[in-house]
Each structure stands twice: as structure tokens, then as C-alpha cells.
Amino acid sequence: MRNHTEVERQTVSQQEIATPATTSNLKKKPELSTTKRLAYVATFTALALIMKFISQTWGGYLQLFSLKLSFIYIPWILAAVTLGPVDGMFVACLSDLIGILVLPTTGTIIPLMTLSNTLFPLFVWLAVRFIPIRHLYLKTVIGTCVSVLVCTLGLSTLALSLTYGTPFWAQLSLRWMQPIVIAVNLVIVGGLLPLMKKLRLMPS
């Protein structure tokens, strides 16, 4: 009897130890496979290039208060929310570099500007990942606002200031409407996020 009791206790204790690990594994969110992740990266990069092409080609017709509209931020933001920081930044960096090489009207490669564009999705993901609220779009908006301040108005303005030899604040005064352009992108993102979730195009 004594040996039998000890065996039962060992069995129960082993089950109790194994149960939390099993439960935690079941609660993990599903992740994209490597093939799907590469497909997402390629798709978002292609969309970003298309948006850049539209902006450069039809910029004269797509204007907001004499400012050329660009919708390249839409795939950057969606990539950050859907794929995470590394792939999101890869999409932004790749689309920026390829766009410069393919579209001559975009100018030459400015390393600090490329860095700024590459970092843009990072702050979106950080907000989505760490802000303790459940509203995905609100977190996306907050993260995008941080990206606008740090990247668009900060690093990008500094890059242009250094490249063209103009004072930072003078260059910033020419870019004050960029947040309005990105706000237009955010409105479109707000309509796309529920649609992507409904079509099960989101990873979780």
C-alpha cells in the first residue's frame, strides 16, 4: 500500500507539473509560416512601390492643400501591425530603396532618410505590442503619431537639412503638412484593418 500510494503521488505531481506547460502552449497565438510571411512581405513591398509610383506619376492630380499626396504609409503601417517590427522595417526599407532606383523622380539615396523610413513601422509595432488597451486601431494611431514625430518630422527633416545645407527649423516649416498626409493614410488603414481581420488576413 505504501509503495502504491507513493506511485500515485508521483503520477499526480508529474501531471500537475506538465499541465501548465501544455496549457500555455495551447494559448499561444498562431504564427505565420515562413512561406506565408515571405508572401506578406512581398505583397506589402509591392503595394508600397505601387503607392510610390502613383504618388510620383499622378502627384499633380493627387494634392492636398498644394501638397503631393502619398499613400506609401498604408502598407508600411499594415506590415508593422501584421508582421511585426523586423519584417515591417524590411518592407519600408526595401520599398524605399527600390523606389529610388526604379523611379528617377524620387532623387538619390540619402542614408539618414532611408533610416528614417525604415524605422517608421517600428514605433507602430511597439504601440500595438505594448500599449495595454484592446482597441487595435487606436494603438495603431498612437504608434503612427510617434513615428511621425520621430521619423517624418525628426530624422527625415534632419536628413534634408543636412543634404541641402538648410537650417533644420527652416526645413521643418516646409514639412508641417506631412502629418495631414499621413492622417489620410490612417483613415484608410482604419477601414482596412477590420476588412483584413474579417478575411482572416491577419496572423492572429
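Visitor: What share of the 204 residues in the protein chain is made up of buried residues?

Guide: In this predicted model, buried residues make up 37% of the 204 residues in the protein chain. The chain holds eight helices and two strands, and from the N terminus on these elements run α-α-β-β-α-α-α-α-α-α.

Visitor: Why is the pairing of Asp87 with Arg37 called a salt bridge?

Guide: The side chains of Asp87 and Arg37 meet with a nitrogen-to-oxygen distance of 2.7 Å, and the term asks for a side-chain nitrogen of Lys or Arg within 4 Å of a carboxyl oxygen of Asp or Glu, so the pair qualifies as a salt bridge. Asp87 lies in helix 4 (residues 85-102) and Arg37 in helix 2 (residues 34-57), 50 residues apart, so that this pair links distant parts of the chain.

Visitor: What makes Asp87 buried or exposed, and how is Arg37 classed?

Guide: Asp87 has a relative accessible area of 17%, and because buried means under 20%, Asp87 counts as buried. Arg37 stands at 24% relative accessibility, which falls between the 20% limit for buried and the 50% limit for exposed, and therefore Arg37 is called partly exposed.

Visitor: How many salt bridges does a search of the whole structure find, and how do you know that Asp96 and Lys52 belong among them?

Guide: The search finds two salt bridges. The side chains of Asp96 and Lys52 meet at 3.5 Å, N to O, and since the cut-off is 4 Å, this pair is a salt bridge as well. Asp96 sits in helix 4 and Lys52 in helix 2, 44 residues apart, so here too distant parts of the chain are linked. Both Asp96 and Lys52 are buried.

Visitor: Why is helix 3 called oblique to helix 8?

Guide: The axes of helix 3 (residues 73-83) and helix 8 (residues 178-198) come within 9 Å and cross at roughly 50°. Because that angle is neither under 35 degrees, as roughly parallel would need, nor in the 65 to 115 range for roughly perpendicular, nor over 145, helix 3 is oblique to helix 8. The crossing of these two helices is right-handed.

Visitor: Which residues make the contact of helix 3 with helix 8, and how many of them are nonpolar, polar or charged?

Guide: Helix 3 contributes residues including Ile74, Ile77, Leu78 and Val81, while helix 8 contributes, among them, Gln178, Ile182, Asn185 and Leu192. By class, the contact has 12 nonpolar, three polar and no charged residues. Ile and Leu count as nonpolar, whereas Gln and Asn, being outside the nonpolar and charged lists, count as polar.

Key. Residues are numbered from 1 along each chain as its sequence is written. This is a predicted model: local features need pLDDT of at least 70, side-chain atom pairs count only at pLDDT 80 or more; totals for chains, interfaces and linings use all residues. Side-chain values use heavy atoms; hydrogens and water are left out. Helices (H or I, at least four residues) and strands (E, at least two) are DSSP runs, numbered from the N terminus. Buried means under 20% relative accessible area, exposed over 50%, partly exposed in between (1.4 Å probe, protein chains only). Axes are lines fitted to C-alpha atoms, for helices over the stretch in contact, and angles run from 0 to 180 degrees between N-to-C directions. A crossing is left-handed if the near helix is turned anticlockwise from the far one by less than a right angle, and right-handed if clockwise. Contact means heavy atoms within 4.5 Å.
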